[in-house]
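Reader: I am new to this structure and should like to learn how its features are read. Might we begin with a helix?

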Amino acid sequence: MRMTDIQRCEVRPGRLVEWTLSPATVATAKALPEDSRPPAYIQESHLRTARSVREDGLFVPTWIGAAFDLPGRADLDALGAALRGWTLRHETLRSGFRWAGGPGDSIRRFTLDPASVSLHREDAGEFTDPVALAQHLQDRFDTTADALRWPNLIYTAVVRDDSTSVYMAFDHSNVDAFSLYRIPAEIQELYAGHLTGRAPEQPPVSSYVDFCEAERADADRLDADHEIVSRWREFIRRCDGRLPSFPVDLGLDPGAGLPTQKLMREMLVDADAAAAFEAYCRPFGGSLVGLLAATALIVHEIGGEPVYRTVVPFHTRAKSKYSDSVGWYVGGAPIEVPVAQAPDFPAALRTVRAALHATRPLARMPLARVLRLLGGDFRPTSPDLYSIVSFADARGIPESETWTERSAYGLIRVSYGDQVCAWVTRIHEGLWFAARYPDTDVAHKNLRLYADRLRDIVVSVADHAPAPRR
């Protein structure tokens, strides 16, 4: 799916309908006892960061979502049944958190039984202006899919005679990009079944809530002397005691608080160039290694930093039973690329491959747990703890070849932040690039330069570079 914001996902006029968890469901949830399964460390970090930023006086929406089209004027009863069935399939969507007072101000989970979950449908009226509709959707998503409230998800449909557009938003604590990728096909299958009166029997999926419990138990076995903690400690020390930012000038005013952000999104290269680039990089680990190698060279050109340091996101769906599960299955591995020792692309490929080989196992241990063991002041002041360059190949997702014709997008909320978060997605049409960055003239100039140089390197490698020696 192409990652974008709500303003640029082909929003078209129509009648808006919304589904949220019903008042009866919310009332039941308030009376639920505690679920002994704890939040994942990444969930807890997300909630504490949201609260910390809010206490500093800034409301920073952090939801993500999905958009896709259904043919014709949707049957709203069938669509509502499909949305409820999909919600029940993924336990994390009917699970939430409460703040418990006392020492440490802990976070406690509660989880609804499937039979207690119902959706409330509301007609929000006819919209004739697409810009006003996109703004309305963003405002609704900001209010409803908020980290510090529950429920924190909302489903909507814009109904027209020729097509119906579905827009769904979730607080990030429940979903990651791979969760979003699977939504269009799953909802369409359920909807088609309800239209014919024969809802498909989708196989059960493993629960992200169970994963959270197992991952946290594993992480809690770490102590401050563990090798993983020591390696992070050294990495952070070499980053001047912080997690790494994007190493180019972003024109930030240190005393001005969190800046607003902008989004850059475009097709980087077509399918042929993406395939050639992948083939060239495959002996070194594939397109991710190639993109990180290119990034190391580019940020050295722009900013002059002798070493490129970053945290590389990896999924943590280590067991196949979690492959279809909705949740936030993401960890990070720190890498360092000494660009002075890797002056060209083949040398940078070898350096990145070695760095990832050495540090990728660190991504299986939640960074929030490591930071807690490191001590010191890691109180987050930004919703993004560090800058990222992320890569995902989404071509194996069911029905992904229909995403363009169905206007399927992954939705990113662009609000406030002082980091650069870039996502490169391999789709059937090529490599799609999206980046969220501070809204300053300097940052725009340097991000524009970064994207253009990234395209140049990918095209150059695809078109001209001989196959490298391993």
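Author: The expected span of a helix is 1.5 Å times one less than its number of residues. For the 14 residues of H3 this gives 20 Å, and the end C-alpha atoms are 20 Å apart, which agrees. Helices (H or I, at least four residues) and strands (E, at least two) are DSSP runs, numbered from the N terminus. The model is predicted: local features need pLDDT of at least 70 and side-chain atom pairs 80 or more, while totals for chains, interfaces and linings use all residues. Residues are numbered from 1 along each chain, and side-chain values use heavy atoms, without hydrogens and water.

Reader: How many residues of H3 are buried?

Author: Of the 14 residues, 10 are buried (under 20% relative accessible area, 1.4 Å probe, protein chains only). Among them are Leu79, Leu83 and Trp86. The buried residues pack against several elements, including strand E7 (153–159) and helix H5 (177–196); contact means heavy atoms within 4.5 Å.

Reader: Which helix gives the most to the largest nonpolar core?

Author: In soluble globular proteins, nonpolar side chains tend to be buried together. Here the largest nonpolar core (buried Ala, Val, Leu, Ile, Met, Phe, Trp, Tyr and Cys residues joined through side-chain atoms within 4.5 Å) has 71 residues. Helix H3 (residues 76–89) gives the most to this core, with seven residues. Tyr155 is one of the residues with the most contacts inside the core. Beyond its neighbours within four places in sequence, Tyr155 touches residues including Leu83, Trp86 and Phe170.

Notes. Buried means under 20% relative accessible area, exposed over 50%, partly exposed in between (1.4 Å probe, protein chains only).
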